[in-house]
Amino acid sequence: ARASIAARDLSLVVVGVGPGSFTGLRIALATARGLARGASCPVAGVCTLDALAWPLQTWPGLVVPVLDARKGRVYAALYRSGTRACEPLDVTVEELAALVADERGVVLTGPFAREAGSQAALARCAVDPAHGAPDGAALLDLGCAAHERGDSAEVAPVYLRRSEAEYTLK
């Protein structure tokens, strides 16, 4: 109401589904589902790594969005010509470096790109100067495309590992 958005103005709610922080993903999904229910419209989920790679879809080499996964690990994926070449990964920087070792024209992007690129294992990779959080246009374009393909029926978080609580309880 404060933003002057009426339910009739929404035809789709798009949300980033991760990978990312467990709490952040749960809050984002709950908020998106609440908005969608109030507006009687569907929700479409977008992989955060896909949204980070989207602005570089015309890059001639390999695009590697990188998120800090904590505990000395990163969340990443590999993209060629705007298409994801592997499932999202939970790896060390060294493991990621081994995956891209034979590639030419590797560019790192995302909020952890500069930090990852500063480590010796990935020092030969370029770092996207505009790296950061996914922009709204990427989320919207990818979310609308997912909805048009019918991929918006069940939106769930992308968890690449168990939560800290699950490790503690075990």
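1. Buried, in this note, means under 20% relative accessible area, and because L25 has a relative accessible area of 6%, it is counted as buried. The model discussed here is a predicted one, and the remarks that follow should be read with that in view. L25 is placed in helix α1, which covers residues 22–39. Leaving aside its neighbours within four places in sequence, L25 is in contact with G16, V17, G18, P19 and G20, and also with P157, V158 and Y159. The C-alpha atoms of L25 and V158 are separated by 8.4 Å, although the two residues are 133 residues apart along the chain.

2. The contacts of L25 include P19, a residue that deserves a point of its own. P19 is found in the loop between β1 (13–18) and α1, and the peptide bond leading from G18 to P19 is cis, with omega near 15°. A reviewer may wish to inspect this bond in the model, and to look at T48 alongside it. T48, which is in helix α2, touches G16, V17, G18 and P19, together with L67 and P134, when residues up to four places away in sequence are not counted. T48 counts as buried because its relative accessibility is 14%, against a limit of under 20%.

3. P19 also appears in the lining of the largest cavity, which it shares with G20, F22, Y75, V158, Y159, L160 and R161. The count comes to one cavity of 30 Å³ or more, and about 30 Å³ of space lies in the largest cavity. By class, its lining has six nonpolar residues, one polar residue and one charged residue. V158, named in the first point for its separation from L25, is thus met again here as a lining residue.

4. The largest pocket has a volume of about 360 Å³ and is lined by 21 residues, of which V46, C47, D50, L142 and R149 lie nearest its centre. Elements that each supply at least two residues of this lining are β2 (43–47), α2 (48–53), β6 (83–84) and α5 (136–149); the largest share, four residues, comes from α5. The lining residues divide into 12 nonpolar, four polar and five charged.

5. As general background, nonpolar side chains tend to be buried together in soluble globular proteins. In this model, the largest nonpolar core has 19 residues, and those that touch the most other members are V64, V66, L96, V100, L108 and L122. At least two residues of this core are supplied by each of β3 (62–70), β4 (73–76), β7 (89–91), α3 (93–100), β8 (106–109) and α4 (113–117), and α3 gives the most to it, with four residues. Another core, of 12 residues, lies apart from it and has C47, L49, L56 and A77 among its members. C47 is also one of the residues that lie nearest the centre of the largest pocket.

6. Within the largest core, L108 may be examined residue by residue. Not counting residues up to four places away in sequence, L108 touches V64 and V66, as well as A113, A116, G117, L122, C125, A126, V127 and D128.

7. T109, in strand β8, is a further residue to examine, and D128 is among the residues it touches. The other residues in contact with T109, again not counting those up to four places away in sequence, are L52, L56, V63, V64, P65, V66 and H131. T109 counts as buried because its relative accessibility is 3%, and its side chain makes a polar contact with the side chain of D128, at 2.9 Å.

8. Two residues call for a check of backbone geometry. S40, in the loop between α1 and β2, has phi near 55°, a positive value in a residue other than glycine, and R70, placed in strand β3, likewise has a positive phi, near 65°, without being glycine. S40 counts as exposed because its relative accessibility is 70%, and R70 is exposed because its relative accessible area is 56%, the limit for this class being over 50%.

Key:
Residues are numbered from 1 along each chain as its sequence is written. This is a predicted model: local features need pLDDT of at least 70, side-chain atom pairs count only at pLDDT 80 or more; totals for chains, interfaces and linings use all residues. Side-chain values use heavy atoms; hydrogens and water are left out. On a 1 Å grid over the protein atoms alone, a cavity is a set of points where a 1.4 Å probe fits but cannot get out, and a pocket is an open set with protein on both sides within 12 Å along at least five of seven lines; lining residues have an atom within 4 Å of a point. Grid points are joined across faces, edges and corners, and a volume is the space filled by probe spheres set on the points. Ala, Val, Leu, Ile, Met, Phe, Trp, Tyr, Cys and Pro count as nonpolar, Asp, Glu, Lys and Arg as charged, and the others, Gly among them, as polar. A nonpolar core is a set of buried Ala, Val, Leu, Ile, Met, Phe, Trp, Tyr and Cys residues joined through side-chain atoms within 4.5 Å. Buried means under 20% relative accessible area, exposed over 50%, partly exposed in between (1.4 Å probe, protein chains only). Contact means heavy atoms within 4.5 Å. A polar contact is a pair of N or O atoms within 3.5 Å; within protein, one must be able to donate a hydrogen and the other to accept it, and residues adjacent in sequence count only if both atoms are side-chain atoms.
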